[in-house]
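Trainee: Could you walk me through this structure? I have not looked at it before.
Mentor: Certainly; please open it and we shall begin.

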Amino acid sequence: MTSLDTSLLAPAPHGAGRYAPSPSGDLHLGNLRTAVLAWVLARRTERAFRLRMEDLDRVREGAEARQLKDLEELGLDWDGAVVHQSERREAYAAAIAQLQAAGAVYECYCTRREIQEAPRAPHAPPGAYPGTCRNLTEAERAAGRERMGQLQREPALRLRAEVTQWSVRDLWASEVTGSVDDLVLRRGDGVVAYNLAVVVDDAAAGVDQVVRGDDLLSSAPRQAHLAHLLGLPEPTYAHVPLALNTAGARLAKRDGAVTLRDRLAAGESAADVVERIGDSLGAPGCRSAADLLESWDPAGMSRRPWVVDLPA
């Protein structure tokens, strides 16, 4: 059995949970499992359930419609219209402007390779930005802008973080303290960074419960701190184990018949797929999302990854 922070399961009728896929292709079983868990945890705690399409990057035609249909096939519903990040650029710009006004933003002229090769502090986490452009002179910034112009890119905008760590609350991991660095707010291609977008979007939708894969647990302290700086509520989290293939790699569509449509084509029903998901959660015999809502015990879920072993 897994210990968990039961206070995070208290009713919150004025809050919301959410599911936020990228419309770049069909959802695989791991994605569907996370969606089901997000819905169950929201409904169980009397929250609204929001749906957001994170469509700032690659979008495949028809993917959104298929994803929405798949969620409905599993018995999930949501409150309000589907939100699209591509329609919220003004909100992201306003958040960046607020941070700029507070002196919490600076331009970064580093390439990805330069960041990877730069020396870091002895205890800095992998991938942490070493602060190369944090305290440049005006002449150095002018040279950096000129260089970006030659590369036909804009300078990235980074947060000038004044803390090195922040703590969040997670349903299964309890209190988690993680590192905070000078994270990117807007990329060199002019697109707002994921960390800023999700913080702004969640707050706008009243989301105070974030359910997602545990590969993003290390990002939660950064995002919560960013919410704090913007004067936005910091959500609580429920990070769920990833779905892996039999080789131990993260499940992907290239692993075979791993989408709902694939399973239907193989002769299974949507109820069979829900039952497979329920089995992975320690809730056997559930044939609908409503069954899981009634029967699933969050304390009984294994914290190990779900190895998806499908019949040939």
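**A first tour of the chain**

Mentor: The chain's secondary structure comes to 10 helices and 12 strands. Helices (H or I, at least four residues) and strands (E, at least two) are DSSP runs, numbered from the N terminus. This is a predicted model, in which local features need pLDDT of at least 70 and side-chain atom pairs count only at pLDDT 80 or more, while totals for chains, interfaces and linings use all residues. Residues are numbered from 1 along each chain as its sequence is written, and side-chain values use heavy atoms, with hydrogens and water left out.

Trainee: What radius of gyration does the chain have?
Mentor: The radius of gyration is 21 Å, which agrees with the value near 20 Å for a compact globule of 312 residues. That radius is taken over C-alpha atoms, and the globule rule is 2.2 Å times the number of residues to the power 0.38. Along the principal axes, the C-alpha atoms fill a box of roughly 65 × 40 × 40 Å.

Trainee: And how much of the chain is buried?
Mentor: Buried residues make up 49% of the 312 residues. Buried means under 20% relative accessible area, exposed over 50%, and partly exposed in between (1.4 Å probe, protein chains only).

Trainee: What share of the contacts joins residues at least 24 apart?
Mentor: Among contacts between residues at least 6 apart in sequence, the share is 77%. Contact means heavy atoms within 4.5 Å.

Trainee: Let us turn to the strands. In what order do the strands of the open sheet come?
Mentor: The open sheet of 3 strands has the order 1-2-3, with parallel pairing. Its edge strands are strand 1 (16-19) and strand 3 (83-84), each of which pairs on one side only. Two strands pair if DSSP finds at least two bridges between them. Strand 2 (residues 48-53) is joined to strand 3 by 2 bridges, and M53 has H84 in strand 3 as its bridge partner.

Trainee: Which strands pair with strand 5, and in which sense, parallel or antiparallel?
Mentor: Strand 4 (residues 105-108) pairs with strand 5 in the antiparallel sense over 4 bridges. Strand 8 (residues 184-186) also pairs with strand 5 in the antiparallel sense, over 2 bridges. For C108, the bridge partner in strand 5 is A156, whereas R158 stands opposite V184 in strand 8.

Trainee: Which way do the residues of strand 5 point?
Mentor: In strand 5 (residues 156-159), A156 and R158 point one way, L157 and L159 point the other way, and all are buried.

Trainee: How many residues lie between strand 6 and strand 7 in their hairpin?
Mentor: The hairpin of strand 6 and strand 7 has 3 residues between them. Strand 6 (residues 165-170) and strand 7 (residues 174-179) run antiparallel and are joined by 6 bridges. The bridge partner of W166 in strand 7 is G178.

Trainee: Now a helix, please. How many residues of helix 6 are buried?
Mentor: Helix 6 (residues 194-204) is mostly covered, with 8 of its 11 residues buried. Among them are L196, V199 and D202. The cover over the buried residues includes strand 1, strand 2, helix 3 (89-101), strand 8, strand 9 (209-213) and helix 7 (220-229). Just after helix 6, G206 takes a positive phi of about 75°.

Trainee: Helix 7 came up there. What does H225 touch?
Mentor: H225 is found in helix 7. Not counting residues up to four places away in sequence, H225 touches L159, V163, W166 and V180. H225 counts as buried because its relative accessible area is 4%.

Trainee: What about R66, then: buried or partly exposed?
Mentor: R66 is partly exposed, since its relative accessible area is 24%. R66 lies in helix 2 (residues 63-73). Leaving aside neighbours within four places in sequence, R66 is in contact with D26, R60, E61 and R261.

Trainee: Finally, where is L310, and which residues is it in contact with?
Mentor: L310 is found in the segment after strand 12 (306-307). Beyond its neighbours within four places in sequence, L310 is in contact with L29, A257, V258, R263 and R276. The C-alpha atoms of L310 and T164 are separated by 43 Å, and the two residues are 146 residues apart along the chain.
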